[in-house]
Structures are given as structure tokens and as C-alpha cells.
Amino acid sequence: MRNIVFGILVIVFALTSCSQDDESLQRIDQVLNIYMKSTTNQDLLNAKKSGSYSSFSVNDFLGDKDDSPVNTFALKMRQDSTYYLEYIAGAKRKKFDSAGTTYYSRMRVTLTKTVDNKPESTIDTLEIHYRNSPNLFQVSKVFYNKKPVFSKEADNPAWINNVTITK
């Protein structure tokens with residue numbers, strides 16, 4: 001009888017010690033919607049418009065190789081026909097600090113458009129900073145060509161981070 005009671009106590013203890021409440025889960029907030037427009041407000045990601053980019057590629061500066069593509073960028077369109085690049089994840093992240101509370105990713109963005117019937121490429125850089133805590137992993141800042149284009153305070157409830165780049 002003593003072994004049965006001991007066994008039941010072990011099972012109950014194991015079940016209660018392994019349970020988690022919702023507060024112990026880390027929220028992930030790292031989706032970016034990147035819009036590109038000209039100084040005249042033209043959508044530069046709409047390949048059907050003259051002067052816009054017809055293709056793009058993204059490589060990870062922190063990747064394992066010199067040419068580490070980041071394939072998790074997708075060209076999407078809103079209901080109002082505005083195009084944007086959606087980035088969910090995929091580039092490597094490195095720690096900014098030894099405590100592991102801030103991280104960053106750095107990528108090379110190659111944008112191609114046709115000028116005088118020839119492809120012309122522009123190479124830019126995208127750097128994303130992340131805030132990390134036991135409860136939240138979140139985009140905190142975005143830099144495009146080393147210029148700040150987005151920032152968010154800690155615990156801001158926005159799940160989609162809209163970034164607009166003017167070129």
C-alpha cells in the first residue's frame with residue numbers, strides 16, 4: 001500500500017511541476033511588413049509601374065557562407081494593391097550583449113529594375129534589432145542603409161511591424 005501511495009504522489013508531483021501557465025510562454029513578435037516608396041509616393045515594389053523594382057534577393061551577412069540566401073521574404077499585396085515584403089524569420093541573429101537581452105540580424109538586399117532595357121541593381125543593407133526577455137522576443141528597431149526606419153517600445157502590442165522605406 002505504501003508503494004502505491006508513493007507512486008501516486010510521484011505522478012501528481014511530476015504532473016504539477018511540468019505544467020505551465022500562459023504567462024510562462026514567450027511571445028514572439030518578429031514579423032515585418034516592409035513597404036518601399038519613392039519620394040513621390042510611388043510603390044516601388046509594384047513591378048508593373050515604370051521605375052519600380054522587378055525583382056529582389058536577400059542574403060544573410062551573418063550566415064554560414066558568403067552567399068547565404070534568406071528565402072523567407074515574400075512579396076505580398078494588400079487589398080488596396082500596395083505591395084510589401086513580408087519577413088517572418090530566417091536570418092541568423094547574434095547577441096549584442098552578453099546577457100542575451102538584445103540581438104541583431106544583418107542582411108544585404110539586392111533590388112533590380114530595368115533602366116534603358118537593361119537590368120540595374122541596387123544593393124542595400126537591412127539590420128533588425130530584437131529585444132529578448134523570458135516573456136517576449138520582439139523587434140525593437142530596424143535600420144535601412146544604417147538609417148533608422150522603425151522603432152518600437154517594449155511590450156508594444158503591435159504584432160505586425162510596418163516599416164516604410166523611402167528611396
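Where does Asp116 sit in this chain? Asp116 is in the loop between β7 (102-115) and β8 (118-132), where strands, like helices, are DSSP runs numbered from the N terminus (E of at least two residues for a strand, H or I of at least four for a helix).

Quick housekeeping before I go on. This is a predicted model, where local features need pLDDT of at least 70, side-chain atom pairs count only at pLDDT 80 or more, and totals for chains, interfaces and linings use all residues. Residues are numbered from 1 along each chain as its sequence is written, and side-chain values use heavy atoms, with hydrogens and water left out.

Okay, back to Asp116. Its phi is near 55 degrees, a positive value in a residue other than glycine. Asp116 is also exposed, at 70% relative accessible area; exposed is over 50%, buried under 20%, partly exposed in between, with a 1.4 Å probe and protein chains only.

Now Asn41, in the loop between β2 and β3 (55-60). Asn41 isn't a glycine either, yet has a positive phi of about 75 degrees. With a relative accessible area of 54%, Asn41 is exposed.

On to the sheet. We've got an open one with four strands, ordered β4-β5-β2-β11, and the pairing is mixed; two strands pair if DSSP finds at least two bridges between them. At the edges are β4 (73-77) and β11 (160-166), each pairing on one side only.

Let's zoom in on β2, residues 31-37. Strand β2 runs parallel to β11, and seven bridges join the two. Look for Ile34 there: Val163 in β11 stands opposite.
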